[in-house]
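User: I'm new to this structure and would like a close look at one spot in it. Please start there, then walk me outwards to whatever else is worth seeing.

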Amino acid sequence: MHSLLVEVYADAYAHRVATGNPFASPGAFAERLERHRARPGFSWVGAWSDGELVGYAYGQRPDPRYWLGDELADEREPLSAMRLFVTNELMVRQAWRDQGLGRLLHDALANAQQEVTHLGLYVRPDNEPAIHLYTRLGYQRIGPRQLAYEGSPLFDVMVRVVAKDA
């Protein structure tokens, strides 16, 4: 599956791959994917059509302080009570966009998580369609985060509190 996930990435982010930025290369993505897969709570969901993987989302359960970074972590509620699941990647092949697959993938991944108090993700500030979706889903921007990868863009950190059962 690893090479198939990288193939979908190369299609979904072809415009970024074409920039030549080291962070956007399929090889760099493949390395990040391997690191993410090794982390606690890794899970993923995929959307298929006629045997073709047309999109997927995956995430894991990082330590909140690590994921938020020191500056943002210090501003949050007590981290010891935060049970966080983050979506590392959500992507849809170009030919399959604007059909609601992003939301379906997000919801399938989020709804599969047990005992989670918060959902989180990083999003590029210039990715207006994604920000619009995440805002509609209840995420709030809490600040910027620079990752320690070569060529990494500045991301917006978004977090959503998971509704507690009454």
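Analyst: Let's start at Gly46, which has its place in strand β1 (residues 43–49). Keep in mind that you're looking at a predicted model. Is Gly46 buried, exposed or in between? Its relative accessible area is 34%, and because buried means under 20% and exposed means over 50%, Gly46 counts as partly exposed. For a sense of distance, look across to Arg83: 37 residues separate Gly46 and Arg83 in sequence, and their C-alpha atoms are 24 Å apart in space.

Now follow the chain out of β1. The loop between β1 and β2 (52–60) holds Asp50. The backbone does something to look out for here: Asp50 has a positive phi, about 50°, although it is not a glycine. Asp50 also counts as exposed, because its relative accessibility is 82%. Glu115 belongs in the same part of the tour: phi is positive there too, at about 55°, and Glu115 is not a glycine either. You'll find Glu115 in the loop between α6 (101–111) and β4 (118–123). With a relative accessible area of 61%, Glu115 is exposed.

Next, the pockets. The largest pocket has a volume of about 1,200 Å³. It is lined by 45 residues, and those nearest its centre are Tyr13, Leu90, Asn127, Ala130 and Tyr134. Which element gives the most to that lining? That's strand β3 (residues 84–92), with seven residues. By type, the lining divides into 24 nonpolar residues, 11 polar ones and 10 charged ones.

Two of the names from the pocket centre, Ala130 and Tyr134, turn up again in helix α7. This helix covers residues 128–136, and its buried residues are Ala130, Leu133 and Tyr134. Looking down the axis of α7, you'd see these buried residues fall within an arc of 95°, so they line one face of the helix. Here's the background: an α-helix has 3.6 residues a turn, so residues three or four places apart point the same way. On the other side of α7, Glu128 and Arg136 are exposed.

Last stop: the aromatic rings. The structure holds 10 aromatic pairs. One of them is Phe23 with Tyr149: the ring centres are 6.0 Å apart and the planes meet at 50°, so this pair is tilted. It ties together distant parts of the chain, since the two residues are 126 residues apart. Phe23 is in the loop between α2 (14–17) and α3 (26–37), while Tyr149 is in the loop between β5 (140–146) and β6 (154–161). How do the partners compare in exposure? Phe23, at 9% relative accessibility, counts as buried, whereas Tyr149 is partly exposed, with a relative accessible area of 25%.

These two rings have company. Ring pairs join Phe23, Trp67, Tyr122, Tyr149 and Phe155 into a cluster. Arg32 joins in as well: its charged end sits over the ring of Phe23, 3.9 Å from the ring centre. That charged end of Arg32 also sits over the ring of Tyr149, 5.9 Å from its centre.

Technical notes:
Residues numbered from 1 in each chain as written. Predicted model: local features only at pLDDT ≥ 70, side-chain atom pairs only at ≥ 80, totals over all residues. Heavy atoms only, no water. 1 Å grid on protein atoms, 1.4 Å probe; cavity = no way out; pocket = protein on both sides within 12 Å on 5 of 7 lines; lining within 4 Å. Points joined across faces, edges and corners; volume = space filled by probe spheres on them. Helix = DSSP H or I, 4+ residues; strand = E, 2+ residues; numbered from the N terminus. Nonpolar A, V, L, I, M, F, W, Y, C, P; charged D, E, K, R; others polar. Phe/Tyr/Trp six-rings, centres within 6.5 Å; stacked < 30°, edge-to-face > 60°. Buried < 20%, exposed > 50% of the residue type's maximum accessible area, 1.4 Å probe, protein only. Lys NZ or Arg CZ within 6 Å of the ring centre and 35° of its normal. Arc of directions from axis to C-beta.
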